[in-house]
Amino acid sequence: MDGIVTDVAVGVKRGSDELLSGSVLNSPNSNMSSMVVTGEGLLIGSSRNSCVYEANGNDNKKFKSEDKMDGAPSRVLHIRKLPGEVTETEVIALGLPFGKVTNILMLKGKNQAFLELATEEAAITMVNYYSAVTPHLRNQPIYIQYSNHKELKTDNTLNQRAQAVLQAVTAVQATNAPISGTTVSESAVTPAQSPVLRIIIDNMYYPVTLDVLHQIFSKFGAVLKIITFTKNNQFQALLQYGDPVNAQQAKLALDGQNIYNACCTLRIDFSKLVNLNVKYNNDKSRDYTRPDLPSGDGQPALDPAIAAAFAKETSLLAVPGALSPLAIPNAAAAAAAAAAGRVGMPGVSAGGNTVLLVSNLNEEMVTPQSLFTLFGVYGDVQRVKILYNKKDSALIQMADGNQSQLAMSHLNGQKMYGKIIRVTLSKHQTVQLPREGLDDQGLTKDFGNSPLHRFKKPGSKNFQNIFPPSATLHLSNIPPSVAEEDLRTLFANTGGTVKAFKFFQDHKMALLQMSTVEEAIQALIDLHNYNLGENHHLRVSFSKSTI
């Protein structure tokens, strides 16, 4: 018996129900007076409708009583056929949408549990719901029925782990309960009111795509729609389930979890929206119930074969070592994402998509150097080629597939030199340099040995400071002689308006806010690596902060 099982007392069989050691269960039909069971355990504290069973020796013996399973409603529910590795949190999540969970007792060895709800009415609603919709935990069907006991009391010393989880969940519920004209009583719980979740990704070192989100959240129910966007300088998503119950379960299990090791942290709340209106099926939004939607941006609608796959999609990407809830190795998660052709990770092939095709450029203004600087915020640009016969388009080769995905997800749809650029993965594997002696008018440039690469150094802090384009810029490497007014003037000369400025304490770094994201992009292109004197070259990045 492992350490977890010793915390949660193993019980004895009672008809089709289980009576747990270390528990008090009130039975509707119990007429017992005081009695002692020698050898197995001691039955004490006898009174009508209640009994206490304390462990005393062999926990695996059968204890027989007059109780019969009559199917009468009870606020104590008996859950069977649980997966062996299931956690208390996952079991509690089954009951949360229906009301407050007031107690839990796990039988790890028997793959069973008891769950006590605050009211019988909540338990009836839960049983009725799961009678129509078979509940699953970790892709395995489980079975829920009324217990023949009316109350579940546990010896907290024997049930410490489960009680700690229950207290934590209760605290979270109390924190998240909406404020209204009435106070929320201890027994009252706010069930999920919306099937739509708002998801924020913190510390997004690796790109998180729509397909990755779909794979993670599909573990908790059918995902109908997803919309991704950038707000407050953070990657966010709205995700709609078919049922608020699924949204509640996903929030409980996934909030605060990391998608990849030590990064890409999920922050999840319920949205005020109850339905999402998706107009396009593309890499930013998708309606899985409407595979016929166009992709937008003048692109044709999805290929019919792909549309049919979307319509049937349930679990196209099998993530090895299924979410528990999110302890998935980088390679496994990356393999799943790479299978969708969306994301490249170190050591995992992502179809060799290191080359980006950038179109709708301002051909009068754009240069290889300006593209190197902007796309260099999201990876180490190796080569840039502006197409000779189509100068509003360029090929950009990044150091790896992860960087190309990151640049695409952050820069597609942004304004550069007054035009909204479109960034997609190219079919090319590399960017070819012009033949020796051939003059291509400076349209192709090799940056492979550039000293300005931000991500050459393993473990660099730059990996942790990758943010979407924003009006606020982070400035660093500022020499002591440069004052706020100098920097305000410098950035105003890029053609924009400086709205706010704030030095950090050491005056080596600062935040500077332009009036628009487009102005900030222009300023970064013009002034990253600008020589401020005293051998200090200004470093400019996008910031998630505001002033």
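1. D392 is buried, with a relative accessible area of 17%. I start there, in what is a predicted model, since this residue takes part in a salt bridge with K390, where the closest N and O atoms sit 3.2 Å apart. Its partner K390 is partly exposed, at 45% relative accessibility. With the cut-off for buried at under 20%, the 17% of D392 puts this residue on the buried side. Worth a look on screen, then: a buried acid paired with a partly exposed lysine.

2. Some context on the whole chain. There are 547 residues, and 50% of them count as buried. The secondary structure comes to 12 helices and 29 strands. If you take the contacts with a separation of 6 or more, 68% are between residues 24 or more positions apart.

3. Back to charges. Side chains of opposite charge can pair when their charged atoms come close. The total here is 11 salt bridges. One of them joins R267 to D202, with 3.0 Å between the closest N and O atoms. Because R267 belongs to strand 17 (residues 263–270) and D202 to strand 13 (residues 196–202), this pair ties together parts that are 65 residues apart in sequence. Both ends are partly exposed: R267 has 39% relative accessibility, and D202 has 21%.

4. How far apart in sequence are R488 and E484? They are four residues apart in helix 11 (residues 484–492), so about one helical turn separates them. Their side chains meet in a salt bridge, 2.8 Å from N to O. R488 is partly exposed at 22%, and E484 is partly exposed too, at 31%. Elsewhere, E85, E90 and R138 are joined into one network by salt bridges that share partners.

5. Now the inside. Which residues have the most contacts within the largest nonpolar core? They are L371, F375, M416, L473, L475 and F491, in a core of 52 residues. Helix 12 (residues 517–527) is the element that gives the most to this core, contributing six residues. F491 is a good one to centre the view on. Setting aside its neighbours within four places in sequence, F491 is in contact with L473 and L475, two names that are also on the list of most-connected core residues. The other contacts of F491 are G496, V498, L512, M514, A523, L527, L538 and V540.

6. Helix 9 (residues 368–375) deserves its own point. Is it mostly covered or mostly open? Mostly covered: seven of its eight residues are buried. Those seven are P368, S370, L371, F372, T373, L374 and F375. L371 and F375 turn up again among the core residues with the most contacts, while F372 and T373 are among the residues that line the second largest cavity.

7. That leads to the empty space. Rolling a probe the size of a water molecule over the atoms shows where empty space is left. Four cavities of 30 Å³ or more come out of this structure. The second largest holds about 60 Å³. Besides F372 and T373, its lining includes G376, V377, L452, H453, R454 and H528. By type, the lining splits into three nonpolar residues, four polar and one charged.

8. Two backbone angles to check. Most residues other than glycine have a negative phi, and most peptide bonds are trans. N477, though, has a positive phi near 65°. N477 sits in the loop between strand 26 (472–476) and helix 11, and is partly exposed at 33% relative accessibility. E534 likewise has a positive phi, near 55°. This second residue is in the loop between helix 12 and strand 29, and E534 is partly exposed, with a relative accessible area of 48%.

9. Last, the tail. Where is T546 placed? T546 lies in the segment after strand 29 (539–542). T546 is exposed, with a relative accessible area of 60%. Its C-alpha atom is 8.9 Å from that of L512, a residue 34 positions away along the chain. L512 should be familiar from point 5, as one of the contacts of F491.

Notes. Residues numbered from 1 in each chain as written. Predicted model: local features only at pLDDT ≥ 70, side-chain atom pairs only at ≥ 80, totals over all residues. Heavy atoms only, no water. 1 Å grid on protein atoms, 1.4 Å probe; cavity = no way out; pocket = protein on both sides within 12 Å on 5 of 7 lines; lining within 4 Å. Points joined across faces, edges and corners; volume = space filled by probe spheres on them. Nonpolar A, V, L, I, M, F, W, Y, C, P; charged D, E, K, R; others polar. Core = buried A, V, L, I, M, F, W, Y, C linked by side-chain atoms within 4.5 Å. Buried < 20%, exposed > 50% of the residue type's maximum accessible area, 1.4 Å probe, protein only. Helix = DSSP H or I, 4+ residues; strand = E, 2+ residues; numbered from the N terminus. Contact = heavy atoms within 4.5 Å. Salt bridge = Lys/Arg side-chain N within 4 Å of Asp/Glu carboxyl O.
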